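Colleague: I would like to learn how to read a model of this kind. Where do we start?

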Amino acid sequence: MVGRRQVFVRMAGCNLHCRYCDTPGFCGRQDACRAELFPGWGEFSELANPLRPEQVVAEIDRLSGRGLHSVSLTGGEPLCQSDFVGALARECQSGGQKVYLETNGFSMQRFCTLLDHLDYAAVDLKLPSHQACPAEEWEMLIQNERACLDFAFQAGVYAMAKVVILAETPDREVESACQGLEGLDALVLQPAWGSRIPSRRLLRLHEAACTNLSPEKVMVIPQVHRLLGVL
Ligand code: SF4
């Protein structure tokens with residue numbers, strides 16, 4: 001959530017293989033994880049995996065400060081560990097923290113089990129050119145992603161779609177991804193980290209997204225934590 005203070009909980013493991021992935025090292029099981037020692041210090045202690053939800057909540061509480069907006073449950077892919085994520089989200093909510101889930105939306109069934117404990121849901125819309133999965137599985141993936149957004153919207157969870165863009169992303173893919181999403185609260189076009197996309201291309205892709213969505217809802221936002229050098 002841009003400009004707001006969050007605690008990030010990054011889950012290991014992901015079932016997709018996006019060509020632009022910035023966390024490929026998180027795609028397998030990890031024997032240990034890191035927890036920042038003090039908020040914003042960039043120094044970490046190592047903890048043995050797997051952790052219990054209560055242990056993670058204790059770390060979150062320790063790192064939360066005045067002005068915390070939400071706890072971001074991100075990855076890797078949180079839905080790969082949906083039982084754990086559900087338990088964690090429930091604990092956070094009962095402790096008064098807002099929960100922000102970032103997901104690739106590969107399973108609407110798993111996503112729906114979390115809905116009661118979410119305040120915000122940011123769901124990726126993977127484009128065919130992202131090569132996130134074998135071509136014959138893409139239709140199923142995008143249907144699940146769209147369904148997650150729909151269920152979030154219907155449940156009163158703030159629903160945001162994220163489309164990562166690369167220099168070679170075709171306009172028609174962005175335009176078609178943005179069809180039928182009128183219920184969304186926001187759509188973010190996010191230039192992939194390290195890709196050089198000229199402003200005129202960004203504007204064209206923004207126009208393509210606005211073909212079907214109100215300009216009020218469409219934003220171009222880089223990976224701000226990377227720009228700030230945070231985590
Ligand atoms: S869904 Fe996210 S974590 Fe998984 S491969 Fe794609 S970019 Fe990486």
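Modeller: With what a contact is: two residues are in contact if they have heavy atoms within 4.5 Å. Keep in mind that this is a predicted model. By that rule, Pro53, Val56, Val57 and Ile60 in H1 meet Phe84, Ala87, Leu88, Glu91 and Cys92 in H2.

Colleague: How do the residues of the contact of H1 with H2 divide into nonpolar, polar and charged?

Modeller: Eight are nonpolar, none is polar and one is charged. Glu counts as charged, and Glu91 in H2 is among the residues in the contact.

Colleague: At what angle do helix H1 and helix H2 pack, and how far apart are their axes?

Modeller: Helix H1 covers residues 53-63 and helix H2 covers residues 82-94. Their angle is about 45°, and the axes are 9 Å apart. Angles under 35 degrees count as roughly parallel and 65 to 115 as roughly perpendicular, so H1 is oblique to H2.

Colleague: Is the crossing of H1 and H2 left-handed or right-handed?

Modeller: The crossing of these two helices, H1 and H2, is right-handed.

Colleague: Next, the loop before H1. Is asparagine 49 buried, partly exposed or exposed?

Modeller: Buried means under 20% relative accessible area and exposed means over 50%, with partly exposed in between. Asparagine 49 has 29% relative accessibility, so it counts as partly exposed. Its place is in the loop between strand E3 (44-48) and H1.

Colleague: Which residues does asparagine 49 touch, not counting residues up to four places away in sequence?

Modeller: Asparagine 49 touches Gln30, Asp31, Ala32 and Cys33. For aspartate 31, the separation along the chain is 18 residues, while the C-alpha atoms of the pair are 5.2 Å apart.

Colleague: What does the same reading give for phenylalanine 8 in strand E1?

Modeller: Strand E1 is residues 5-10. Phenylalanine 8 has a relative accessible area of 28%, which means that it is partly exposed. Leaving aside neighbours within four places in sequence, phenylalanine 8 is in contact with Ser72, Thr74 and Leu231. The C-alpha atoms of phenylalanine 8 and leucine 73 are separated by 6.3 Å, with their positions 65 residues apart along the chain.

Colleague: Now helix H4. Is asparagine 144 buried or exposed?

Modeller: Asparagine 144, found in helix H4, counts as buried because its relative accessibility is 7%. Not counting residues up to four places away in sequence, asparagine 144 touches Gly105, Phe106, Ser107, Met108 and Gln109.

Colleague: What is the relative accessible area of phenylalanine 153?

Modeller: It is 42%, so phenylalanine 153 is partly exposed. Phenylalanine 153 also lies in helix H4, residues 138-154. With residues up to four places away set aside, phenylalanine 153 touches Ala159 and Gly183. Aspartate 185 is 32 residues from phenylalanine 153 in sequence and 8.0 Å from it in space, C-alpha to C-alpha.

Colleague: Where is glutamine 223 found?

Modeller: In the loop between strand E9 (218-220) and helix H7 (224-227). At 12% relative accessibility, glutamine 223 counts as buried. Beyond neighbours within four places in sequence, glutamine 223 is in contact with Asp22, Gln190 and Trp193.

Colleague: Which residues surround the ligand?

Modeller: They are Cys14, Leu16, His17, Cys18, Tyr20, Cys21, Thr23, Gly76, Asn104 and Lys126. This shell divides into five nonpolar, four polar and one charged. Gly is placed among the polar residues and Lys among the charged ones.

Methods
Residues numbered from 1 in each chain as written. Predicted model: local features only at pLDDT ≥ 70, side-chain atom pairs only at ≥ 80, totals over all residues. Heavy atoms only, no water. Near = heavy atom within 4 Å. Axes fitted to C-alpha atoms, helices over the stretch in contact; angles between N-to-C directions. Helix = DSSP H or I, 4+ residues; strand = E, 2+ residues; numbered from the N terminus. Parallel < 35°, antiparallel > 145°, perpendicular 65-115°, else oblique. Left-handed = near helix turned anticlockwise from the far one by under 90°. Buried < 20%, exposed > 50% of the residue type's maximum accessible area, 1.4 Å probe, protein only.
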